[in-house]
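Colleague: I have a new structure open and little practice. Could you show me how to read the main features?
Modeller: Gladly; let us look first.

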Amino acid sequence: RLQALAPDGEASPVERAVAELRIAELATDGQRVLAMRGGAGATGLATATRAHWRAVVGDVQRWQTRRELPTPTPALVPPPGDPFGHPSGLPSGMP
């Protein structure tokens with residue numbers, strides 16, 4: 001949302017500036033997290049955590065150099081049927 005706010009002509013200059021500042025801070029935070037445990041390997045961090053921060057840093061760098069926003073991923077298609085609960089509305093095993 002920050003990357004959508006930063007170029008938004010409807011937002012005030014202060015809002016856009018704050019968004020730009022926070023975007024830059026996210027990149028710094030991400031680089032710090034990735035370097036925290038030995039640099040490139042960052043072996044102490046979970047794979048998902050490293051992947052998340054690498055994606056954040058990459059998105060910010062693309063924004064800062066090319067003003068290119070990340071492409072949102074499409075929403076998952078829900079499976080067919082009632083998404084919650086038992087058809088009767090009661091927990092399983094109850095009449």
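**Reading the fold step by step**

Modeller: In the protein, 40% of the contacts with a separation of 6 or more join residues 24 or more positions apart. Keep in mind that this is a predicted model.

Colleague: How many helices and strands does the protein have?

Modeller: Begin with the list of elements. The secondary structure here comes to 3 helices and 0 strands. Read from the N terminus, the order is α-α-α.

Colleague: What should helix H2 span, and how far apart are its ends?

Modeller: Use the rise of 1.5 Å a residue. Helix H2 covers residues 13–35, which is 23 residues, so it should span 33 Å. Its end C-alpha atoms are 33 Å apart, and that agrees.

Colleague: How far does H3 reach from its first C-alpha to its last?

Modeller: Apply the check again. H3 has 20 residues, and 28 Å is expected at 1.5 Å a residue. The reach from first C-alpha to last is 28 Å, close to that value.

Colleague: Now burial. Which residues of H2 are buried?

Modeller: A residue counts as buried under 20% relative accessible area. In H2 that applies to Ala19, Ile23, Ala27, Gly30, Val33 and Leu34. Their cover includes helix H1 (2–5) and helix H3 (47–66).

Colleague: Which residues of H3 are buried, and what do they pack against?

Modeller: Name the residues, then look for their partners. The buried residues of H3 are Trp53, Val56, Val57, Gly58, Val60 and Trp63. They pack against H1 and H2. For the whole protein, buried residues make up 18% of the 95 residues.

Colleague: What is the accessible surface of the protein, and what share belongs to carbon and sulfur atoms?

Modeller: Read the total, then the share by atom type. The accessible surface comes to about 7,200 Å². Carbon and sulfur atoms hold 61% of that surface.

Colleague: Let us try single residues. Where is Leu26, and which residues does it touch?

Modeller: Place the residue, check its exposure, then list its contacts. Leu26 is in helix H2. Its relative accessibility is 23%, so Leu26 counts as partly exposed. Leaving out residues up to four places away in sequence, Leu26 touches Leu2, Trp53 and Val56. Also compare sequence and space. Leu26 and Val57 are 31 residues apart along the chain, with their C-alpha atoms separated by 7.4 Å.

Colleague: Is Leu45 buried or exposed?

Modeller: Look at the loop between H2 and H3, where Leu45 lies. Leu45 has a relative accessible area of 13%, and it is therefore buried. From Leu45 to Val33 the C-alpha distance is 8.8 Å, with their positions 12 residues apart in sequence.

Colleague: What is the phi of Arg67?

Modeller: Check backbone angles residue by residue. Arg67 has a positive phi of about 55 degrees, although it is not a glycine. Arg67 sits just after H3. At 47% relative accessibility, Arg67 is partly exposed.

Colleague: Which residues does Arg62 touch?

Modeller: Skip the sequence neighbours up to four places away, and Arg62 touches Arg67 and Glu68. Arg62 itself lies in helix H3. Its relative accessible area is 30%, so Arg62 is partly exposed.

Colleague: Last, the largest pocket. What is its volume, and which residues line it?

Modeller: Take the volume, then the lining, then the chemistry. The volume of the largest pocket is about 210 Å³. Its lining is made of Arg1, Leu2, Gln3, Ala4, Ile23, Leu26, Val56, Asp59, Val60, Leu69 and Pro70. The elements giving two or more residues to this lining are H1, H2 and H3. By type, the lining residues divide into 8 nonpolar, 1 polar and 2 charged.

Colleague: So Leu26 comes up again?

Modeller: Yes. Leu26 is one of the residues lining the largest pocket. Leu26 also touches Leu2 and Val56, and both of these are in the lining too.

Conventions. Residues numbered from 1 in each chain as written. Predicted model: local features only at pLDDT ≥ 70, side-chain atom pairs only at ≥ 80, totals over all residues. Heavy atoms only, no water. Helix = DSSP H or I, 4+ residues; strand = E, 2+ residues; numbered from the N terminus. Expected span 1.5 Å × (residues − 1). Buried < 20%, exposed > 50% of the residue type's maximum accessible area, 1.4 Å probe, protein only. Contact = heavy atoms within 4.5 Å. Areas by Shrake-Rupley, 256 points an atom, 1.4 Å probe, with all protein chains shown as cover. 1 Å grid on protein atoms, 1.4 Å probe; cavity = no way out; pocket = protein on both sides within 12 Å on 5 of 7 lines; lining within 4 Å. Points joined across faces, edges and corners; volume = space filled by probe spheres on them. Nonpolar A, V, L, I, M, F, W, Y, C, P; charged D, E, K, R; others polar.
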